[in-house]
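Please look over the model shown below before reading on. The report that follows takes up the ligand site, a pair of helices and two points of backbone geometry.

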Amino acid sequence: MLRNKTVVLGITGSIAAYKIANLASMLVKQHADVHVIMTKNATNFIHPITFETLTGNKCLVETFDRNFSFEVEHVSLGEKADVMLIAPASANVIAKLAHGLADDMLTTTALAMTAPILVSPAMNTHMYEKKITQENIVKIRDLGMRVIEPANGYLACGTTGVGKMPEPEVLLDAIYQEILRPKDLVGKRILITAGPTQEAIDPVRYITNHSTGKMGYALARQARYMGADVTLVSGPTNLTPPEGVEYIPVISAKQMYDAVMEKQMQSDAIIMSAAVADYRPVSIAEEKIKKTEGNAGIPLERTDDILGSLGQDKNAFLCGFSMETENMLENSKKKLLKKNLDMIVANNLKTKGAGFGVDTNVVTIISDSPGNDDGVISEELPLLSKEDVAYEILDRIAKKLKSNVDIPK
Ligand code: CTP
């Protein structure tokens with residue numbers, strides 16, 4: 001995802017420095033061009049050769065290296081970087097950043113940096129909570145740097161408290177947040193549903209489907225990367241909600257209906273990627289149903305159609321999902337028109353690379369287009385990761401929101 005992006009990692013002297021090797025490796029796997037700059041103290045915790053091996057680039061420590069290349073390194077890196085992350089950032093380096101001090105390669109590069117700078121403080125709790133450190137953190141925020149909140153936990157000094165550098169996955173997410181996508185959804189509120197619903201039969205059993213929530217969580221994450229305010233209403237899944245997203249967990253179709261209805265008026269766009277159960281048991285047995293001889297049956301009733309209800313009194317851009325095993329285009333167009341949607345994302349469970357549980361999808365985006373013969377435009381996307389599919393969907397929604405299609409408000 002980071003092809004053609006240059007990431008500068010600044011590492012200061014903290015035991016958490018060793019974790020940046022993992023981050024550097026993750027960035028390289030995403031095809032980023034990674035340049036590491038260490039303070040002298042950082043080299044006491046992890047050797048520069050580790051980073052040189054991982055990134056294929058020289059790890060910079062000194063400002064004046066006799067073994068120089070023609071470019072003035074701190075200036076050239078400052079110009080070509082897409083983002084700089086300083087992690088772990090010690091109290092000392094934060095103080096230098098706050099006051100424009102530049103006495104080593106790391107702080108000199110930070111001062112010459114034209115790209116956004118992210119700072120991940122990592123230190124002993126008392127140092128972190130000291131008034132002067134807090135003032136310096138406010139100062140670097142005011143100067144436009146983004147500070148990644150330290151986590152609470154067991155610290156290397158033997159105490160437990162705030163000051164721990166977040167895990168590399170969180171730092172990677174912060175980099176994505178900064179540079180991955182254009183910020184085309186800033187100021188927009190996007191409501192996304194994800195996962196399956198579970199419809200209880202008795203205290204032990206329920207009816208559900210194979211949805212894992214991956215597509216909906218990818219939508220929530222990408223919408224965040226594009227700058228939207230995101231609410232994620234999710235049925236039961238094994239996934240961790242993306243950072244910075246309002247998360248509303250639900251279980252049944254009824255709970256999802258209630259949560260969506262409560263939020264719909266505050267939403268600019270609603271994307272229903274959840275696989276909502278169409279039926280639920282007419283009644284839920286209070287006690288476990290015991291087996292008897294012969295066959296059994298469960299009387300079922302329809303659940304409320306959430307999208308259908310939203311379409312009847314439309315307050316936001318509406319995007320549905322349609323999973324079919326045959327006649328995908330025809331059935332999906334029918335759903336779009338019947339539910340009064342602006343867009344429906346269709347996929348065929350039988351297509352290789354599409355469907356439940358996998359990390360890829362093959363979708364056709366069908367958009368309402370009253371001027372066209374059959375009232376719609378279809379656009380078939382190639383096999384993509386669910387993250388990229390999510391971005392493509394949101395990119396089209398962003399354009400529609402910008403051109404302000406007739407969405408009653
Ligand atoms: N949906 C909903 N409320 C329901 C059921 C589905 O909002 N009770 C939404 C889904 O989130 C999805 C779209 O409607 O966005 C799917 O449409 P639907 O007609 O329910 O699809 P299927 O159930 O797959 O259709 P069918 O049973 O007709 O094959």
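How many residues surround the ligand, and which are the closest? In this predicted model, 14 residues surround the ligand, and the closest of them are M272, A274, D278, L307 and F321.

The polar contacts of the ligand listed here involve both backbone and side-chain atoms of the protein, as the table sets out.

| Ligand atom | Protein partner | Distance |
|---|---|---|
| oxygen | polar backbone atom of A274 | 2.7 Å |
| oxygen | N or O atom in the side chain of D278 | 2.7 Å |
| nitrogen | polar backbone atom of I306 | 3.0 Å |

On its own the ligand has 590 Å² of accessible area, and the protein covers 73% of this area. A274 and D278, which are among the closest residues around the ligand, thus appear again in the table, A274 through a polar backbone atom and D278 through its side chain.

**Helix packing**

Elsewhere in the chain, helix α8, which spans residues 168-179, packs with helix α9, residues 214-225, at an angle of about 55°, and the axes of the two helices are 7 Å apart. Angles from 35 to under 65 degrees fall outside the parallel and perpendicular ranges, and α8 and α9 are therefore oblique to each other. On the side of α8 the contact is made by D173, Y176 and Q177, while α9 contributes R221, R224 and Y225. Sorted by class, the residues in this contact of α8 with α9 are two nonpolar, one polar and three charged.

**Backbone geometry**

Two places in the backbone deserve a separate look, because most residues other than glycine have a negative phi and most peptide bonds are trans. H31, although it is not a glycine, has a positive phi of about 70°, and H31 has its place in the loop between α1 (19-29) and β2 (33-38). The peptide bond from A87 to P88, in turn, is cis, with omega near -10°, and P88 is found in strand β3, which covers residues 83-89.

Technical notes: Residues are numbered from 1 along each chain as its sequence is written. This is a predicted model: local features need pLDDT of at least 70, side-chain atom pairs count only at pLDDT 80 or more; totals for chains, interfaces and linings use all residues. Side-chain values use heavy atoms; hydrogens and water are left out. Axes are lines fitted to C-alpha atoms, for helices over the stretch in contact, and angles run from 0 to 180 degrees between N-to-C directions. Helices (H or I, at least four residues) and strands (E, at least two) are DSSP runs, numbered from the N terminus. Angles under 35 degrees count as roughly parallel, over 145 as roughly antiparallel, 65 to 115 as roughly perpendicular and the rest as oblique. Contact means heavy atoms within 4.5 Å. Ala, Val, Leu, Ile, Met, Phe, Trp, Tyr, Cys and Pro count as nonpolar, Asp, Glu, Lys and Arg as charged, and the others, Gly among them, as polar. A residue is near a molecule or strand if one of its heavy atoms lies within 4 Å of it. A polar contact is a pair of N or O atoms within 3.5 Å; within protein, one must be able to donate a hydrogen and the other to accept it, and residues adjacent in sequence count only if both atoms are side-chain atoms. Accessible areas come from the Shrake-Rupley method with a 1.4 Å probe; for residues, only the protein chains shown count as cover.
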